[in-house]
Amino acid sequence: MTVTPLGIPRRLLEFTLDGEAARVPEGATILDACRAAGKDVPTLCEGDTLRPKNACRVCVVEVEGARTLVPACSRRAEPGMVVRTDTERARHSRRIVLELLASSVDLSTTPRVSEWIKEYEAKPDRFGPDAARLNDSPKVDNDLYVRDYAKCILCYKCVDACGEQWQNSFAISVTGRGFDARIAVEHDAPLTDSACVYCGNCIEVCPTGALSPRSEFDRRAAGTWDESAQTRTTTVCAYCGVGCGLTLHVQDNEIVKVTSPHDNPVTHGNLCIKGRFGYQHVQNRG
């Protein structure tokens, strides 16, 4: 018999969300409440396995009595608060953020961004052809994954995943200031000379495709990457006895990528180098 631990029940609190009563567990964020109510509030830097960083500011909402818009991903719901998610002020802020991001970095592999740009009538081209833009070439310095910082929005999720929130390798940090700020390893050296252990957990949390498996990068470059044609199969890693959960992404009868379910109680979306990248032997049909 399987026993599901219930844990300590959390007290529910009530507040007003877009004119309707919302009830969420104590400690839940406004974004949690929005999702529970079926409201589509956009977000880029928020991740379900990391603490909120408040970096992208696409999820801002209006809270009655607050001087400024607040990020829904980190603001805790409070009893009696009045929240509006779709005011002209919030929509204007999201539109500006989307325009600034899309005019400075490549968001072509960022899920749902084109949909949000259309919804909020953002016009990234209005800054003109001379707008400052990141045009860094992809860093292909190993066989496992690629760093394409022309797609990076500085959400810091990779820094957190590599640091004290998960891997504790501290191979990734931020270098430079202002528009010259970049995600980099120590002294901006090649990845192979850094403290990176190639777990790929930074790839797992990257929201824009700035970090991607080498297999995906090569297929995209060749025009053969097709997520609609891929199947996903959940299994268990066979390398050791920990029992990490794997999701195999298969296209044309080949494993093209490995991820891990975020709700897996063992991994929480994280893997080691063997689990994430050690699948080539399965396809060695020679």
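## Exercises on Thr-259, Asn-54 and His-268

The side chains of Thr-259 and His-249 form a polar contact at 2.8 Å (a pair of N or O atoms within 3.5 Å; within protein, one must be able to donate a hydrogen and the other to accept it, and residues adjacent in sequence count only if both atoms are side-chain atoms). The model is predicted: local features need pLDDT of at least 70, side-chain atom pairs count only at pLDDT 80 or more, and totals for chains, interfaces and linings use all residues. Residues are numbered from 1 along each chain as its sequence is written, and side-chain values use heavy atoms, with hydrogens and water left out.

**Exercise 1.** Place Thr-259 in its strand, then decide: is Thr-259 buried or exposed?

*Solution.*
1. Thr-259 belongs to strand E12, residues 254-259 (strands, E, are DSSP runs of at least two residues and helices, H or I, of at least four, numbered from the N terminus).
2. Thr-259 is buried because its relative accessibility is 15% (buried means under 20% relative accessible area, exposed over 50%, partly exposed in between; 1.4 Å probe, protein chains only).
3. Beyond its neighbours within four places in sequence, Thr-259 has contacts (heavy atoms within 4.5 Å) that include Glu-204, Leu-271 and Arg-276.

**Exercise 2.** Locate Asn-54 and state its phi and exposure.

*Solution.*
1. Asn-54 sits in the loop between helix H1 (30-36) and strand E3 (60-63).
2. Its phi is positive, about 60°, although Asn-54 is not a glycine.
3. Most residues other than glycine have a negative phi.
4. With a relative accessible area of 28%, Asn-54 is partly exposed.

**Exercise 3.** Do likewise for His-268.

*Solution.*
1. The loop between E12 and helix H7 (273-277) holds His-268.
2. His-268, not a glycine, has a positive phi of about 50°.
3. His-268 is partly exposed, because its relative accessible area is 33%.
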